[in-house]
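Visitor: Please take a close look at one part of this model: the aromatic pairing. Add whatever else helps to place it.

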Amino acid sequence: MDPLKGEQLYLRALEPEDLDFLYETENNTALWEISSTITPYSKHVLRYYLENAHRDIYDVKQLRLVICSAADQVMGLIDLFDFDPIHKRAGIGIVVLKNEHRNSGVGTEAISVLLEYAFHTLDLHQVYANVGADNDTSMHLFQKLGFVQIGVKCDWLYTGDGYKDEILFQKIKE
């Protein structure tokens, strides 16, 4: 059984052919707030990133995967970041790219697949997520998957219109 495959989708490593998709995603200013990005990425930098994407999570402390439909359509990205093998934890982040994929179960299944991998293959004890306080959809998604709100980081995110809170969610392995 493939640990990165769900019923309707699978998660795969980045490929060199993903350069244009990655370029478009990383330079989408609408996503910069959730990724804490403030400058665009060049194709040169992203090509270098792709050339090194094969490096082990134990080395780079991050795992970025592409969310694909069973028909191989790219639907988004999902990451484990701040991987800490000593304390057995990591953060999780997800971007479902197109509106037709949002609110369709893609996020729920992709996170479920990655949690299964994180808890059973990587033997993590816990996974956490940071969600902007105004992102009701993401808060509902993580709560539905058993994440518990454990804190609020006040005035954590600067948006250009002022500051907003960020909610910290945590899921401990059962």
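Guide: Here is the aromatic pairing, followed by a glycine and two cysteines.

This is a predicted model: local features need pLDDT of at least 70, side-chain atom pairs count only at pLDDT 80 or more, and totals for chains, interfaces and linings use all residues. Residues are numbered from 1 along each chain as its sequence is written, and side-chain values use heavy atoms, with hydrogens and water left out.

Rings of Phe, Tyr and Trp (its six-membered ring) pair if their centres lie within 6.5 Å; planes under 30 degrees apart are stacked, over 60 edge-to-face, the rest tilted. The count is four aromatic pairs. One of them joins Tyr58 and Phe83, edge-to-face, at 4.9 Å centre to centre and 90° between the planes. The partners are 25 residues apart: Tyr58 sits in helix 4 (residues 57-60), Phe83 in strand 3 (residues 74-84). Helices (H or I, at least four residues) and strands (E, at least two) are DSSP runs, numbered from the N terminus.

Phe83 is buried at 4% relative accessible area. Tyr58 is partly exposed at 42%. Buried means under 20%, exposed over 50%, partly exposed in between (1.4 Å probe, protein chains only).

Now the glycine. Gly93 lies in strand 4 (residues 89-96). Gly93 is partly exposed, at 22%. Beyond neighbours within four places in sequence, Gly93 contacts Leu77, Ile78, Asp79 and Phe81. Contact means heavy atoms within 4.5 Å.

Last, the cysteines. Cys68 is buried at 1%, while Cys154 is exposed at 58%. The whole structure holds zero disulfides, a disulfide being a pair of cysteine sulfur atoms within 2.5 Å.
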